[in-house]
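Visitor: Hi! Could you walk me through this one?
Guide: Happy to. Here it is.

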Amino acid sequence: EKMRRSISKAIDNKEFQIYLQFITDSKSEKICGAEVLSRWDNPEMGIISPDKYIGIMKSSGTIARHDYYIFESICALLDGWKGTEHENLFLSCNFTRLSASSKDFSGKIREISDKYDFCHGNLVIELTEDTLIENADMVRFNIEECRNMGFKIAIDDMGSGFSAISDLYRNEIDIVKIEREFVIGGVNEKGHKLLESMVSLAHNMNAKTLCEGIETEAQHEMIMGIDCDYIQGFYYSRVLPYEEAMRFLNSSNG
């Protein structure tokens, strides 16, 4: 209850901090982008992970403010990277279905991004798979509008059981993130065939694929043997606060 009362004030006070988990290109095995995540730097309780506050935000109606705050932080980052060695990296921003299915979503995206100067193709708007069935027509409109602005669209946790394949081909999707359970299962023969089929399906829909949750050498070797485009997980990079992430990036790609 104490957290619920302080969340709105925390957004105003910019207590939510940017953390990065890097994404690797499977062909070059170099960092090509990062997923941006938030952590709450609470003055009394210290660093709080999203699983402790996202649910509270959803129930209290403040989740959209959080999503747009993180989106604007990413726009500012990409603007700041222009002309540097990092300007070709992409960053992905998570949006909850409550935000992405609202009628003013694409308008807010335009309003915020117009404040900054950066290549919109370097910002990926990441939607959970269940977003596609939440007010499907409005979500489809928002996806089209965002893609018209030059942003890329990713679907998170493909295969988690929420959407039908028909929902994926009705929307123009640029990146499909495959749920980590399929990566874990991919080290055995049957699971490997299923994972390969999912990657092939996404490619047939003109989408690139990202396998997430790679944590072991065995999973790394297995992923390198399929036609996945991007890879993500603790094997390559942990979730790092921004300053530490930039040191890691400079040492890895430099």
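Visitor: Is strand 1 mostly covered or bare?
Guide: Mostly covered: eight of the 10 residues in strand 1 are buried, meaning under 20% relative accessible area with a 1.4 Å probe, protein chains only. Strands here are DSSP E runs of at least two residues, and helices are H or I runs of at least four, numbered from the N terminus. This is a predicted model, where local features need pLDDT of at least 70, side-chain atom pairs count only at pLDDT 80 or more, and totals for chains, interfaces and linings use all residues. Residues are numbered from 1 along each chain as its sequence is written, and side-chain values use heavy atoms, without hydrogens and water.

Visitor: Which strand makes a hairpin with strand 1?
Guide: Strand 2 does, with five residues between them. The two run antiparallel over nine bridges; pairing takes at least two DSSP bridges. For instance, Gln 17 is bridged to Arg 39 in strand 2.

Visitor: And how many bridges join strand 1 to strand 9?
Guide: Three, also antiparallel, with Thr 24 partnered by Ile 231. Strand 10 pairs with strand 1 in the antiparallel sense too, over two bridges.

Visitor: New topic: which residues have the most contacts inside the largest nonpolar core?
Guide: Ile 109, Leu 123 and Ile 125, in a core of 70 residues. Such a core is a set of buried Ala, Val, Leu, Ile, Met, Phe, Trp, Tyr and Cys residues joined through side-chain atoms within 4.5 Å. Helix 3 gives the most to this core, 10 residues.

Visitor: What does Ile 109 touch?
Guide: Beyond neighbours within four places in sequence, its contacts (heavy atoms within 4.5 Å) include Tyr 68, Phe 71 and Met 149.

Definitions and conventions
Buried means under 20% relative accessible area, exposed over 50%, partly exposed in between (1.4 Å probe, protein chains only).
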